[in-house]
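The following exercises concern a β-sheet and its surroundings. Please attempt each task before reading its solution.

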Amino acid sequence: MITPVDPTTTQAWAALAALKDQLHPDLRTWFDEQPNRAEEFTFDVADLHVDLSKNLVDADVIDALLRLADEVDVAGRREAMFSGEHINVTEDRAVLHTALRLPRDAELVVDGQDVVADVHEVLDKMYAFADKVRSGEWVGVTGKRIETVVNVGIGGSDLGPVMVYEALLPYKQDGIACRFVSNIDPSDCWEKTHDLDPETTLFIIASKTFTTLETLTNARMARAWLLRELAASGAVDGSDEQGRDAVAKHFVAVSTALDKVADFGIDPANAFGFWDWVGGRYSVDSAVGLPVVLSIGPDGFRDFLSGFHAVDEHFRTAEPGTNVPLLMGLLNVWYVNFLGAESHAVLPYAQYLHRFAAYLQQLTMESNGKSVRWDGTPVTCDTGEIFWGEPGTNGQHAFYQLIHQGTRLIPADFITVANPAHPVKDGDADVHGLFLANFFAQTAALAFGKTAEEVRSEGTAENIVPARVFQGNRPTTSIMAPALTPSVVGQLIALYEHITFVQGVVWGIDSFDQWGVELGKKLAMEIAPAVSGDAEALVAQDGSTQSLVSWYLKNRT
Ligand code: F6P
């Protein structure tokens, strides 16, 4: 195993620490003194136009960050990932989500297996299935075509598909709608199914492991609902044979554990596989994206995958100084480790991206929320900042106050598109133009602020001048694309996957395991009998848990 380099012992780290002490970030002055700053710090990657110029860096900082990347060998680790080395050390696995979007004629043999052929075999099966459902050739047990697809999954088996489905609603086929059940709170399953017609509903049970408590519980509830409702309407007679037939027509599965899928009663012919080298949070471009294929169709999904691949190629081959995922990952390191940022806002000015921040929370925080390195030794600096966000302009009327005038440094990514799916004129007003004016205004206000003199010059009473001053120098990155196409959504996801990777390499952590979610899962299974009234199990719990469970048992009706 290659030992991770301790970033804090590198020369670049020392240089960055010194630069931090000397640097007095002043975006107003920097833009005045460098008329080309915007051009110098703006890069085009596939369809993404990325402006880094409003970040708190000068050329010396960028230079030192790139030297840091060199000293911790980001390039070597990147090559190891793309070539299928087992860089997920704690699970001894390759990390090959980039293989999911390789073109059919590419070659990649990993652990003796041609993974490109495997990937395209599953894609072809997904496309053939989607064509049948979309054309109405696939029918339910009573001969009706499918109108609603309910994806049952959680974490990576939910957040990716729901985010992308919502992002690409303008590309959705009429007549087929998707819903997503994830929470084990029974209200979720009830809300998503109670008004559906079972005869026209298809369930996708998506679980990489096919052992996840929430998903298997919801899957069983969905199966019971389907059989109960079909029997109630007389569509099936309640016999085992008709039940099996109904499940075969109304349930498909996505998993790496196809044996467990069969045990659940789903026909292996209706199961779509993937591989242990695809992490859950990196899986929306695998069979986990089946709801997306059903919604936007095979051509749309091909376009989606081509967007990922374009950014993969950029990340793999672009020179460090123009490599956007590398630069953005290093900027995040600068903010976390040198300027003390604890969180990072992601603010899409695109309503269709309203689940993007939630999606990124799993991608970034399940990946980099670690305190040990891949060799088991403690990390030597802060890791994993908190990602959060909401679409603009909604956020402007909620939390932007704190970003503008609070005491914390919150780097923010602003994302938008030039052409909306539904251009609207309200009289003479160009509504999308107004929307974008807000996008541009916010990043300018955050960067350049408003001085006391400027506030006074507006005739503001002296006693409220301080409250109306904006310090500025609040860093932002602006990302624009021509339109929110399937390819652009793929590009955005791949961009953040690689940013996350770069940060993980600098910190020396395994960004591909998630042991931190295990303890809570195990305890839930131990506490479950106590919650069901088992007195012995109750006394085995800690004092607080006993007291909380007892209150619950007294108060449930
Ligand atoms: O939360 C832990 C986790 O393992 C995630 O990494 C994963 O995306 C999620 O649970 C769901 O897992 P599965 O797809 O195996 O049901």
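**Exercise 1: A covered strand and its partners**

In this predicted model, strand S10 spans residues 343–349 and is mostly covered, with six of its seven residues buried. Determine which strands pair with S10, and in which sense.

*Solution.* Begin with strand S11, residues 386–388: S10 pairs with S11 in the parallel sense, over three bridges. Serine 343 is found opposite isoleucine 386 of S11. Next, take strand S12, residues 412–419, which runs parallel to S10 and is joined to S10 by five bridges. Here tyrosine 349 has threonine 416 of S12 as its bridge partner. Such pairing rests on backbone hydrogen bonds, and strands may be parallel or antiparallel.

**Exercise 2: The connection through a helix**

State which helix belongs to the β-α-β unit with S10 and S11, and give the handedness of the unit.

*Solution.* The helix is H14, residues 356–368. Together, S10, H14 and S11 form a β-α-β unit that is right-handed.

**Exercise 3: The order of the sheet**

Write down the order of the strands in the open sheet, then identify the edge strands.

*Solution.* The six strands of the open sheet follow the order S1-S2-S15-S12-S10-S11, and their pairing is mixed. Its edge strands are S1 (42–45) and S11, each of which pairs on one side only. From one strand to the next, the twist averages 20 degrees. An antiparallel pair is formed by S1 and strand S2 (residues 48–51), joined by four bridges. Within this pair, aspartate 44 has histidine 49 of S2 as its bridge partner. Finally, consider a helix that lies across part of the sheet: H16, residues 431–448, crosses S10, S12 and strand S15 (476–483). The direction of H16 is at about 150 degrees to S12.

**Exercise 4: One residue in its setting**

Decide whether phenylalanine 387 is buried or exposed, and list the residues that it touches.

*Solution.* First, locate the residue: phenylalanine 387 is in strand S11. Second, apply the cut-off, by which a residue is buried if 20 or more other C-beta atoms lie within 10 Å of its own. Phenylalanine 387 is buried because it has 23 C-beta neighbours inside 10 Å. Third, leave aside residues up to four places away in sequence; phenylalanine 387 then touches His344, Val346, Ala357, Leu360, Gln361, Thr364 and Met365. Finally, compare sequence with space: phenylalanine 387 and alanine 357 are 30 residues apart in sequence, while their C-alpha atoms are 7.2 Å apart.

Note on methods. Residues numbered from 1 in each chain as written. Predicted model: local features only at pLDDT ≥ 70, side-chain atom pairs only at ≥ 80, totals over all residues. Buried ≥ 20, exposed ≤ 12 C-beta atoms within 10 Å, placed from the backbone. Helix = DSSP H or I, 4+ residues; strand = E, 2+ residues; numbered from the N terminus. Pairing = 2+ DSSP bridges. Right-handed = clockwise from strand over helix to strand, strands pointing away. Axes fitted to C-alpha atoms, helices over the stretch in contact; angles between N-to-C directions. Contact = placed C-beta atoms within 7 Å.
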